[in-house]
Amino acid sequence: MRAQPGEQIRVRGHRQGEPDRLGMIVEVRGPDGTPPFVVRWDDPGHEVLFFPGPDAVIEHVEASNARQ
Amino acid sequence: MKVRDVMVKAPVTMDIGATIGDAAAAMDRAAVGAVVIVEGERPVGIVTDRDLVTRALARRVPADARLDSVMSGGVVCVDADAELSQVASILSTHPIRRVPVVERDRVVGMVTLDDLIVRLTNDLHSVTAGVMAQLLFGHPEPHAPVMVV
């Protein structure tokens, strides 16, 4: 998984009805865009050091804009 | 105070390919309530004793199923050199009780809510000890004022 600052990370909900968790990648700490990432979550809005699991996807800025 | 001053060193980690039974046995051996799941050295998830009960036992998932079938994917971590207040901030804004501690992308420790409460309680006791002594034994009497004529 690779990302750049400004891209969005989405963590899928684990249970039925549980919403996905969205955040913005503020900083990439790993080499060549790899984790860990500093992520600012939409909710609660704090920045944390995050190691994504297999249920996380990076949504590139262009793709996000294209949907809107 | 830094996170590394408070963290429990050598947390239990397991490869993502390990089984639910392996995790339960590891928790039993190490007397811990959570295992950090790693791929290589990098954390990718966490499994707690509660996860084993609610996501595995309650749903009759067999003990030889892979851990990634019950783990919480993605791990909120804290850097070992971060200030301890950062852990308090994470615990107050995320529904978690344990925060793995990392150096670069390797797990080197764990800080739990319980650890933090014990630490803060001890610190509070140190601060209040002086006040308690004054309440119990009174202030030391100052020297009588000297009247200069």
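In this predicted model, P36(A) is placed in the loop between β2 and β3 (37-41) of chain A. The peptide bond that leads from P35(A) to P36(A) is cis, and its omega is near 5°. A second backbone feature occurs in chain B, where A10(B), although not a glycine, has a positive phi of about 55°. A10(B) belongs to the loop between β1 and β2 of chain B. Both features depart from the usual pattern, because most residues other than glycine have a negative phi, and most peptide bonds are trans.

Strands of the two chains combine in an open sheet of nine strands with mixed pairing. The order is β5(A)-β1(A)-β2(A)-β3(A)-β4(A)-β6(B)-β7(B)-β8(B)-β1(B). Its edges are formed by β5 of chain A and by β1 (8-9) of chain B, each of which pairs on one side only. Helix α4 of chain B, residues 113-137, packs on this sheet and touches β1 and β8 (106-112) of chain B. The direction of α4 makes about 55° with that of β8(B). Within the chain A part of the sheet, β1(A) pairs with strand β2 (residues 21-28) of chain A in the antiparallel sense, over four bridges. I9(A) has G23(A) in β2(A) as its bridge partner.

A salt bridge also links two strands of chain A. The side chains of E59(A) and R10(A) meet at 2.6 Å, N to O. E59(A) lies in strand β5 (residues 56-59) and R10(A) in strand β1 (residues 8-11) of chain A, so this pair ties together parts that are 49 residues apart in sequence. Side chains of opposite charge can pair when their charged atoms come close. Over all chains, the count comes to 13 salt bridges.

The two chains are joined within the nine-stranded sheet where β4(A) meets strand β6 (residues 75-79) of chain B. These two strands run antiparallel and are connected by three bridges. At this junction F50(A) stands opposite V76(B) in β6(B).

Across the interface as a whole, 19 residues of chain A are in contact with 21 residues of chain B. The chains bury about 1,400 Å² between them, and 61% of this is on carbon and sulfur atoms. Strand β4 (residues 47-51) of chain A gives the most to the side of chain A that touches chain B, contributing four residues. The residues on that side of chain A comprise 11 nonpolar, four polar and four charged. Between chain A and chain B the count of salt bridges is zero, whereas five residue pairs are in polar contact, both residues being at pLDDT 80 or more.

Chain B also contains an open sheet of four strands, with the order β2-β3-β4-β5 and mixed pairing. Here the edge strands are β2 (13-15) and β5 (72-73) of chain B, each pairing on one side only. Strand β4 (residues 42-48) of chain B pairs with β5(B) in the antiparallel sense over two bridges, and G45(B) stands opposite G73(B) in β5(B). Helix α2 (residues 49-57) of chain B packs on this sheet, where it touches β4 and β5 of chain B. The direction of α2 makes about 70° with that of β4(B).

Notes
Residues are numbered from 1 along each chain as its sequence is written. Chains are lettered from A and ligands numbered from 1 in the order in which they are written. Side-chain values use heavy atoms; hydrogens and water are left out. Contact means heavy atoms within 4.5 Å. Buried area is the accessible area (1.4 Å probe) that two parts lose on being put together, summed over both. A salt bridge is a side-chain nitrogen of Lys or Arg within 4 Å of a carboxyl oxygen of Asp or Glu. A polar contact is a pair of N or O atoms within 3.5 Å; within protein, one must be able to donate a hydrogen and the other to accept it, and residues adjacent in sequence count only if both atoms are side-chain atoms. Ala, Val, Leu, Ile, Met, Phe, Trp, Tyr, Cys and Pro count as nonpolar, Asp, Glu, Lys and Arg as charged, and the others, Gly among them, as polar. Two strands pair if DSSP finds at least two bridges between them. Axes are lines fitted to C-alpha atoms, for helices over the stretch in contact, and angles run from 0 to 180 degrees between N-to-C directions.
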